[in-house]
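Trainee: Got a minute to go through a model with me? I'd like to start with how far to trust it.

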Amino acid sequence: MIKKLRVTVDGKPYEVMVEISDDAGVAAPTPPPPVSAPAAPPPPAPVAQTGAGPGEVRSPLAGRIIAINVKPGQEVKEGDHLLTVEAMKMNTSVTAPKSGTVAEILTTVGAAVDEGRVLARIGDAKQ
C-alpha cells in the first residue's frame with residue numbers, strides 16, 4: 001500500500017509517498033519524486049537614502065556603537081572618521097558625508113543600531 005504523507009523540513013511542507021508493506025516486515029520506501037531545494041533568499045536590499053538630508057550620517061549596518069570620535073560643534077571634513085560600529089567582531093568606520101560642523105550626535109557608545117539609522121547630522125561649516 002502506498003501512503004501519501006506531508007512532512008515539514010525547515011518550516012517548508014513537502015508531500016511524500018511512502019510504501020507500507022502488508023506483511024510484518026518493513027518495506028523499503030518508494031523514493032519520492034525529486035524535490036528541488038528552495039532557492040536561497042536574495043541578499044537584503046541596501047537601505048534607501050531617499051529623503052535623507054545631505055548631512056545625515058547613517059549606520060551602514062546593524063551593530064553596536066563602540067566609539068564616537070566627534071562632538072557637536074566640531075568642524076569635520078568629508079571622509080573624516082566620526083563613529084565606529086562593531087558587528088560580528090568587525091569594526092566599521094562611519095565617515096562624514098560632507099564637510100561642515102557636527103550639528104548633533106543621535107547615539108551613544110554601547111547603543112545597538114539598525115542599518116540605515118541616522119547616527120549624526122552634519123550642518124554647514126561655521127562662518
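Mentor: Sure, let's take confidence, then the core, then the charged pairs.
This is a predicted model, where local features need pLDDT of at least 70, side-chain atom pairs count only at pLDDT 80 or more, and totals for chains, interfaces and linings use all residues. Residues are numbered from 1 along each chain as its sequence is written, and side-chain values use heavy atoms, with hydrogens and water left out.

Trainee: What's the mean pLDDT of the chain?

Mentor: It's 82, with 77% of residues at 70 or more; pLDDT is the predictor's confidence in each residue, from 0 to 100.

Trainee: And where does pLDDT stay under 50?

Mentor: Over residues 45-51. Where pLDDT is low, the predicted coordinates should not be read in detail.

Trainee: OK, new topic: how many residues are in the largest nonpolar core?

Mentor: 14, and Leu119 is one of those with the most contacts inside it. Such a core is a set of buried (under 20% relative accessible area) Ala, Val, Leu, Ile, Met, Phe, Trp, Tyr and Cys residues joined through side-chain atoms within 4.5 Å.

Trainee: And how many salt bridges are there?

Mentor: The structure holds 6, each a side-chain nitrogen of Lys or Arg within 4 Å of a carboxyl oxygen of Asp or Glu. In one of them, Arg121 pairs with Glu104, with the closest N and O atoms 3.0 Å apart.

Trainee: Which residues are networked with those two?

Mentor: Glu56 and Arg58 are linked with Glu104 and Arg121 in a network of salt bridges.

Terms used. Buried means under 20% relative accessible area, exposed over 50%, partly exposed in between (1.4 Å probe, protein chains only). Contact means heavy atoms within 4.5 Å.
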